[in-house]
Amino acid sequence: MGASDRFERLREQASGETTGSSAPRLLGVVTLAVSILLISPILWLFVHGAGMEPGRIVELVVSETATEVTLNTLVLVAGVTIASLFIGVPLAILTVQTDLPFRRFWTVTSALPLVVPSYIGAFAFVSAFGPRGELADLLAPLGIEQLPTIYGLHGTVLVLTLFTYPYVFLTTRASLLSFDGTVVEAARTLNHTRWEAFKRVTFPQIAPGIAAGALLVALYALSDFGTPAIMRYDVFTRMIYNEQQARNVDAAAVLSMLLLVMAMGILLVESRINASRDGAYVSGGDRRPGEIRLGYWKLPATLFCAAIASLCLVLPVGILTQWLVRSGTRPPGGFSFGISHVANSVGLAAAAAGICLVVALPVAYLSARGTGPLSSLPERLSYVGYAVPGVVIGLALIYLGLQFVPFLYQSVVVLVFAYVVRFLPQAVGATESSILQVDPSYIEAARSLGYAPLSAFRQVVLPLVAPGIAAGAALVFLTTMKELPATLMLRPTGFETIVTYIWLVRGAAYQGQAAVPALILVGVSGLSMLVILRQEGN
């Protein structure tokens, strides 16, 4: 007997009386504690801001530079988010609901760009399309001496979009895989076209999943430092980093607070989207609609998937391979790369993913099923850490560590906690999307048959949301593997990872030696995609 059949039987045996969907008191206590932990590293921004002269704060906020950078940041976030939707949603639909050739292969290639750090992608694009890049060298014999610059807004949007759209792809795909396709077939029997059925039935059901992915993309674009710096596009993160390098902690705190205000604006938009879902996004089982026949669109769809994979995977891997082949200089002994770098990176990523998995479940469940006015507060607060740049999180934890827990200063515990603060929303978003798919009457049926709340959750909800939980943990693992600023600032002395080694050798002008660890980073991180694929099979 399948999971959905078993739950349908439970519901049929139940009396059908509504028992309420308010979250247990214990769940509220747990999520409140999580919220306090999540916001504690951010409080130092306001502590430092409160200690500054009001005139200095106003001067920084209304300055011409701050105004220009605010506009630049808003344009960047909007451009990356919209472009990611135009790539991620079609790819999810093609790989789930159509007869696209080699769908499994395109599923993997569409998700794998998430394993490539955006700063490595930026290096690759500059190397390929820069003024003295590979493309310029190829076109020089044809008389083309100058190419449009890759630097600036358009280059930053391009690179960030290509390496963040998988957030939209994965959350949309998870929604489609959990979507009850019988309602689409019912719409088709009422003479609705495929487009009408999608617009009136499918899209409202998967919209929260799309919004969750778009929110992650927007917050990533808001907090990313490496890509705008490489592409020479001034945004808040670059300014904050410059202030930190100049040891101007007060100015960095004020600018970080402005960044938090922008993050709150993004969260407000997402909150309104969720408030308007009107109870949609609930699946009655694992039935899926029939495949959409692409017909004459099969070739264009395949070319679209191939073009995205080429830009996101073939190009950066090719550039890294070229760096490796062209490098003929052996680095000094202090730059040797070993298995310990890989083991440290994987261990940190696994620890962060495991903790986020455990913490995200109560936060996501309370947000999805809680009825109180504060039920969504822990989820909203969790996104604050994701919106703050890693360099700011690093400074905050250094400050708090030295003041309150000096015995944990520069320890693995603080470093893993920084990862949890930064990347918990990835686990929360994927988990909540899956919880929203579960019909609440299943829980009511189990409770009416005498199951305790925890037992009902374990036997009814957990099997249905397992794919979303696994996807969230995989996302945390991926992003932890490639996190750079927090790792550089908080790692214990002598504790080196793949990303710190890449930073070290590239800063020392041993570019070829960065190729091997970068390729290993991509390969090891890519293995976590197998978790998502295995869960999809169930």
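This passage describes the overall make-up of a predicted protein model, two of its helix pairs and three of its residues.

The model is predicted. Its secondary structure comprises 25 helices and 0 strands. The protein has 538 residues, and 54% of them are buried. Its accessible surface is about 23,700 Å². Carbon and sulfur atoms hold 64% of that surface. Contacts in the protein were also examined by sequence separation. Among contacts with a separation of 6 or more, 84% join residues that lie 24 or more positions apart.

Two helix pairs were examined. The first pair consists of α9, residues 153-178, and α15, residues 298-326. Their axes are 10 Å apart, and the helices pack at an angle of about 115°. The range from 65 to 115 degrees counts as roughly perpendicular, so α9 is roughly perpendicular to α15. The crossing of α9 past α15 is left-handed. On the α9 side, the contact is made by Leu162, Phe163 and Tyr165. On the α15 side, Ile308, Leu311, Cys312 and Pro316 take part. By class, this contact has 7 nonpolar residues. No polar and no charged residues belong to the contact of α9 with α15.

The second pair consists of α18, residues 390-404, and α19, residues 412-435. The two axes come within 10 Å and cross at roughly 135°. Angles over 145 degrees count as roughly antiparallel, and 65 to 115 as roughly perpendicular; α18 and α19 are therefore oblique to each other. Here the crossing is right-handed. Helix α18 contributes Gly390, Ile393 and Leu397 to the contact. Helix α19 contributes Val414, Phe417, Ala418, Val421 and Arg422. By class, the contact of α18 with α19 has 6 nonpolar residues. It also has 1 polar and 1 charged residue. Gly counts as polar and Arg as charged, so Gly390 is the polar residue and Arg422 the charged one in this contact.

Helix α18 also holds Leu395. The relative accessibility of Leu395 is 16%. Buried means under 20%, so Leu395 counts as buried. Apart from neighbours within four places in sequence, Leu395 is in contact with Trp44, Gln244 and Met489. One of these partners, Gln244, is 151 residues from Leu395 in sequence. In space, the C-alpha atoms of Leu395 and Gln244 are 8.8 Å apart.

Two loop residues have positive phi values. Phe102 is not a glycine, yet its phi is positive, at about 55°. Phe102 sits in the loop between α5, residues 64-97, and α6, residues 103-111. Its relative accessible area is 65%. Exposed means over 50%, so Phe102 is exposed.

Arg232 is the other residue considered here. Its phi is near 60°, a positive value in a residue other than glycine. Arg232 lies in the loop between α12, residues 226-230, and α13, residues 236-245. At 55% relative accessibility, Arg232 counts as exposed.

Note on methods:
Residues are numbered from 1 along each chain as its sequence is written. This is a predicted model: local features need pLDDT of at least 70, side-chain atom pairs count only at pLDDT 80 or more; totals for chains, interfaces and linings use all residues. Side-chain values use heavy atoms; hydrogens and water are left out. Axes are lines fitted to C-alpha atoms, for helices over the stretch in contact, and angles run from 0 to 180 degrees between N-to-C directions. Helices (H or I, at least four residues) and strands (E, at least two) are DSSP runs, numbered from the N terminus. Angles under 35 degrees count as roughly parallel, over 145 as roughly antiparallel, 65 to 115 as roughly perpendicular and the rest as oblique. A crossing is left-handed if the near helix is turned anticlockwise from the far one by less than a right angle, and right-handed if clockwise. Contact means heavy atoms within 4.5 Å. Buried means under 20% relative accessible area, exposed over 50%, partly exposed in between (1.4 Å probe, protein chains only). Accessible areas come from the Shrake-Rupley method with a 1.4 Å probe; for residues, only the protein chains shown count as cover.
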